[in-house]
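Here is a walk through one protein model, taken a step at a time. Keep the sequence and the structure in view as you read.

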Amino acid sequence: MEPLPADHSYNPKALGSWARRTGYKSHKLGDSSSDIEIGITDQNINTNRNNNIAAAPAPKLPPSSYPDSTMTNGAAGNGVKKTAAPLPPGPSPPTVRAPFVPGKRAGTESENVSGAQSSSAANSGPLKIEPLRMYKDSEADAMSQSQDAEDYTLSKHSHMKYEIRETPGLFPLVLYGIQHYFSMIGSLILIPLIIVPAMDGSRRETAQVISSMLLVSGISTLLHCFFGSRLPLIQGASFVYLAPALSIIFSPAFVNLDKEHRFKVTMRELQGAIIISSLFQALLGYSGLFSILLRSINPVVVAPTVAAVGLAFFAYGFPVVGKCVEIGIPQVLIIVFFALYLRKISVFGHRIFQVYAVPMGLVLVWTYAFLLTESKVYTYKGCSVNLVKNITAVIPPACTKHVATMRSCRTDTSDALSSAAWFWFPHPFQWGHPTFHWQTAIVMIIASIVASVDSVGTYHATSLLVASRAPPPGVVSRGIGLEGLTSFLAGLWGTGAGASTLTENVHTIAVTKMGSRRAVEFGACVLIVAAVVGKIGGFIASIPQVMAAGLLVFMWTMLAALGLSNLRYSETGSSRNVLIVGFSLFLSLSVPAYFQQYKLSGNGVAGGVPSYFQQYTTAANGPIHTKYQTVNFALETVLSLNMVIAFLVAYVLDNTVPGSRLERGTYVWSKGRTARNEPVVVKEYGLPFGLSNFFTWARWVGL
């Protein structure tokens with residue numbers, strides 16, 4: 001902390017912390033050379049006077065220079081509200097304040113928000129002296145740093161290589177742009193490896209869906225960087241849409257279709273549902289309604305909701321890995337070893353094991369599996385690999401017990417790479433014209449709401465890493481509206497899932513220290529070019545199912561962990577928050593289990609579905625029985641989704657159970673009027689090419 005200016009005058013543009021901006025000077029207790037902040041109340045001052053300790057009162061300042069938060073003086077007992085300096089945050093809970101930038105206007109609400117009120121117990125206690133936490137561990141991840149204003153400024157400048165508006169040189173631009181996407185490759189490509197085989201699609205169709213997803217992801221990311229929240233966030237097929245898609249795939253209307261036509265018929269239904277949900281999401285964002293909803297979405301709501309998305313797939317993870325344990329278990333262990341044990345090893349300044357844990361683990365295990373296949377470990381007498389490739393082939397009795405092992409462990413059972421064209425251009429309506437039914441549309445609309453809640457946490461966490469301050473509510477609403485438009489593109493191209501902000505962005509930015517928009521935009525262009533190279537999609541589609549499941553185990557674990565990490569903004573030791581999060585997570589697992597297990601054995605629809613997909617057949621055997629089958633399907637499907645139950649329970653409890661803003665960890669967003677007057681914020685979040693000047697009347701979707 002820099003010392004006070006010599007004249008001790010009140011100069012908001014030159015002073016950083018609240019104490020400096022207001023001119024507050026603490027009295028010296030003894031001879032101390034360390035910077036300290038002292039919280040003083042009326043009772044403290046009286047006690048000091050009784051003990052003959054001289055206490056110089058703080059100078060009187062205009063009301064506008066005081067912090068925004070007020071509190072009732074418990075010591076006085078007269079109920080009069082007095083303005084008091086908030087106590088400095090300790091190790092828990094962290095406070096979130098916008099960092100000071102020279103030249104910005106001081107004293108605004110967005111700068112002075114901290115742990116909003118001090119408790120009455122703190123007012124009546126002894127004098128508290130806490131040193132400022134200025135030390136930073138250079139080996140810690142940027143995401144783990146304190147969010148105090150001064151601490152955050154030091155953390156950002158010492159950890160981020162490039163911030164949001166910085167443009168790297170040509171070589172760093174190419175390197176970091178490609179690196180950013182490689183570190184998130186699992187989130188970009190793995191969903192088609194689940195949903196296309198579930199719809200009885202061929203390997204070639206899997207490759208085509210992957211190419212379409214790469215194209216939509218690249219276009220969506222470019223649009224978001226220019227016209228959305230403008231944060232450096234990769235857009236792609238979110239895991240939020242995976243469970244609803246599987247529920248539609250295994251619904252009674254599609255599960256018993258002819259295998260030859262089932263893929264296209266089901267995909268067209270998914271397209272129609274995604275298109276309708278995307279229009280709803282765009283309306284929610286661009287109408288400004290989400291700005292109102294944003295006030296009630298806080299870390300205690302976001303944390304269990306996002307965590308439930310990852311935890312929901314526990315029935316798929318290890319059961320599929322266990323199909324070939326000699327390949328699946330090494331896949332999981334190697335990724336965990338890279339991501340945890342080798343995470344601090346740097347090569348030329350890059351933590352390659354932490355950044356590339358997923359692609360490096362995939363390459364190593366795939367090579368290992370290829371060697372096992374070429375060594376004829378999975379070759380059995382009388383069992384040809386051609387029998388395994390052809391699903392409709394008649395299997396000889398001698399090979400019956402070996403077919404499952406050969407399909408799961410061999411690396412040469414897929415013809416996706418050989419059958420894929422060198423160049424293939426994904427285009428809208430490639431699977432036919434979408435079909436529209438309101439019951440499936442409702443399921444996807446609920447998924448789009450959960451995806452928006454997920455994006456709120458990602459926007460806030462990312463802004464703390466790369467921007468001068470959090471975006472205004474209008475910018476958040478604008479970003480959600482654009483996510484609706486990009487999901488509309490996903491519905492046109494038929495990717496099987498909506499396009500949303502990927503939660504893993506926060507971890508990637510914290511690890512790679514790359515917050516530049518330009519790097520993300522360059523990577524998006526590379527993604528679009530890769531989409532038209534058909535062999536790339538074919539190569540990805542040929543990943544064995546067991547190895548894909550091993551990657552997904554890690555990705556879903558990361559998703560659950562990132563969701564729970566939102567609690568660092570709240571008081572994690574609060575019994576209120578602990579009970580809300582714990583209750584939400586428990587019910588998110590227990591309530592869907594009730595729907596999924598209800599009369600499961602008495603219905604024949606689930607009989608031909610793999611065991612790890614049984615939970616998505618709820619619509620065929622749920623407990624809701626009305627005279628309208630479409631109502632039954634919509635309600636049973638929605639209530640069987642783990643993330644929906646977690647969101648509903650956490651949202652209701654967090655907004656009804658009493659708790660202070662500090663305890664709840666309420667997200668702090670910049671005030672629109674203040675942001676519009678600050679050139680730095682306008683450059684970070686304002687629309688490019690001067691487009692903001694044409695939308696000055698629409699403050700609810702921008703600055």
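Start with the aromatic rings. This is a predicted model, and the count of aromatic pairs in it comes to 20. Take Phe 226 and Phe 689. Their ring centres are 6.3 Å apart, and their planes meet at 10°. Planes under 30 degrees apart count as stacked, so this pair is stacked. The two partners come from distant parts of the chain. Phe 226 belongs to helix α9, residues 203-227. Phe 689 sits in the segment after α34, which covers 679-685. In sequence, 463 residues separate them.

Are these two rings buried or exposed? Phe 226 has 23% relative accessibility, so it counts as partly exposed. Phe 689 reaches 67%, so it counts as exposed.

Now turn to another pair, Tyr 316 and Tyr 612. Their centres are 5.3 Å apart, and the angle between their planes is 90°. That makes the pair edge-to-face. Tyr 316 lies in helix α15, residues 314-321. Tyr 612 lies in the loop between α28 (575-597) and α29 (618-621). The pair therefore ties together parts that are 296 residues apart in sequence. Both tyrosines are buried.

These tyrosines have company. Tyr 316 and Tyr 612 belong to one aromatic cluster. The other members are Phe 239, Phe 250, Phe 313, Trp 556, Phe 613 and Tyr 616.

One more ring deserves a look. What lies over the face of Trp 422? It is Lys 535, at 5.5 Å from the ring centre.

Next, follow a helix. Helix α22 runs through residues 438-466 and has 29 residues. From its first C-alpha to its last, α22 reaches 41 Å. The expected span, at 1.5 Å a residue, is 42 Å, and the helix comes close to it. How many residues of α22 are buried? The count is 25 of the 29, so the helix is largely enclosed by the rest of the structure.

Finish at a cysteine. Cys 399 is found in the loop between α19 (385-389) and α20 (400-409). Its relative accessible area is 2%. Buried means under 20%, so Cys 399 is buried. Which residues does Cys 399 contact, leaving aside its neighbours within four places in sequence? They are Gly 382 and Cys 383. Cys 383 is 16 residues away along the chain, and the C-alpha atoms of the two cysteines are separated by 5.6 Å.

Notes: Residues are numbered from 1 along each chain as its sequence is written. This is a predicted model: local features need pLDDT of at least 70, side-chain atom pairs count only at pLDDT 80 or more; totals for chains, interfaces and linings use all residues. Side-chain values use heavy atoms; hydrogens and water are left out. Helices (H or I, at least four residues) and strands (E, at least two) are DSSP runs, numbered from the N terminus. The expected span of a helix is 1.5 Å times one less than its number of residues. Buried means under 20% relative accessible area, exposed over 50%, partly exposed in between (1.4 Å probe, protein chains only). Contact means heavy atoms within 4.5 Å. Rings of Phe, Tyr and Trp (its six-membered ring) pair if their centres lie within 6.5 Å; planes under 30 degrees apart count as stacked, over 60 as edge-to-face and the rest as tilted. A charge sits over a ring if NZ of Lys or CZ of Arg is within 6 Å of the ring centre and within 35 degrees of the ring normal.
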